[in-house]
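Student: Can we go through this one together? I'd like to start with the backbone, then look at charges.

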Amino acid sequence: MHDSETTIAQIKESVLALCRRKGWGDIQGIQNPQHVAMAMTVEMSELLEHFQWMNPEDVAALQEGRDPKRTALIAEEFADVMMYGMQLAYALGIDVSAQIQRKIDIVDKRSAKPDEPAR
């Protein structure tokens, strides 16, 4: 699987299939969305641990591809967060693409704060 050739629906189905294989959730592999949301916060904390106490040089090394070992660890935690997100989306019938586009539209319409730098 690669981003350029995999749909969000395919990822959702792959995660659901894993849940079924592992016996997680109900008979269909759907987990309690409340538990999934709570688990996401745990995984997000594990992701953040990799950035704790980093100096600007460490961040630059990540962005420039000079720390592949740490990038791999970050990618694994990021995948955990995203997998829980896909489980939540499946359990609640959330159309991920539509909601992301909706949120982009909302943010686009916001006025920039006077002291906020242009990005």
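Student: What phi does Gly65 take just after H3?
Tutor: Gly65 takes a positive phi of about 75°. Helices here are DSSP runs of H or I, at least four residues, numbered from the N terminus. This is a predicted model: local features need pLDDT of at least 70, side-chain atom pairs count only at pLDDT 80 or more, and totals for chains, interfaces and linings use all residues. Residues are numbered from 1 along each chain as its sequence is written, and side-chain values use heavy atoms, with hydrogens and water left out.

Student: And what does Asn55 reach at the start of H3?
Tutor: The backbone nitrogen of Glu57. A side-chain oxygen of Asn55 comes within 3.0 Å of that nitrogen. Helix H3 covers residues 56–63.

Student: New topic. How many salt bridges does the structure hold?
Tutor: It holds 2. A salt bridge is a side-chain nitrogen of Lys or Arg within 4 Å of a carboxyl oxygen of Asp or Glu.

Student: Which residue pairs with Glu64?
Tutor: Arg66, with the closest N and O atoms 2.8 Å apart.

Student: Are Glu64 and Arg66 buried or exposed?
Tutor: Both are exposed. Exposed means over 50% relative accessible area, buried under 20%, and partly exposed in between (1.4 Å probe, protein chains only).

Student: What about Arg70 and Asp67?
Tutor: They form a salt bridge too, with the closest N and O atoms 3.4 Å apart. Arg70 has 26% relative accessibility, so it counts as partly exposed.

Student: Where is Lys113?
Tutor: Lys113 lies in the segment after helix H5 (96–109). Its relative accessibility is 55%, so Lys113 counts as exposed.

Terms used
Polar contact = N/O pair within 3.5 Å; in protein donor to acceptor, adjacent residues only side chain to side chain. Helix = DSSP H or I, 4+ residues; strand = E, 2+ residues; numbered from the N terminus.
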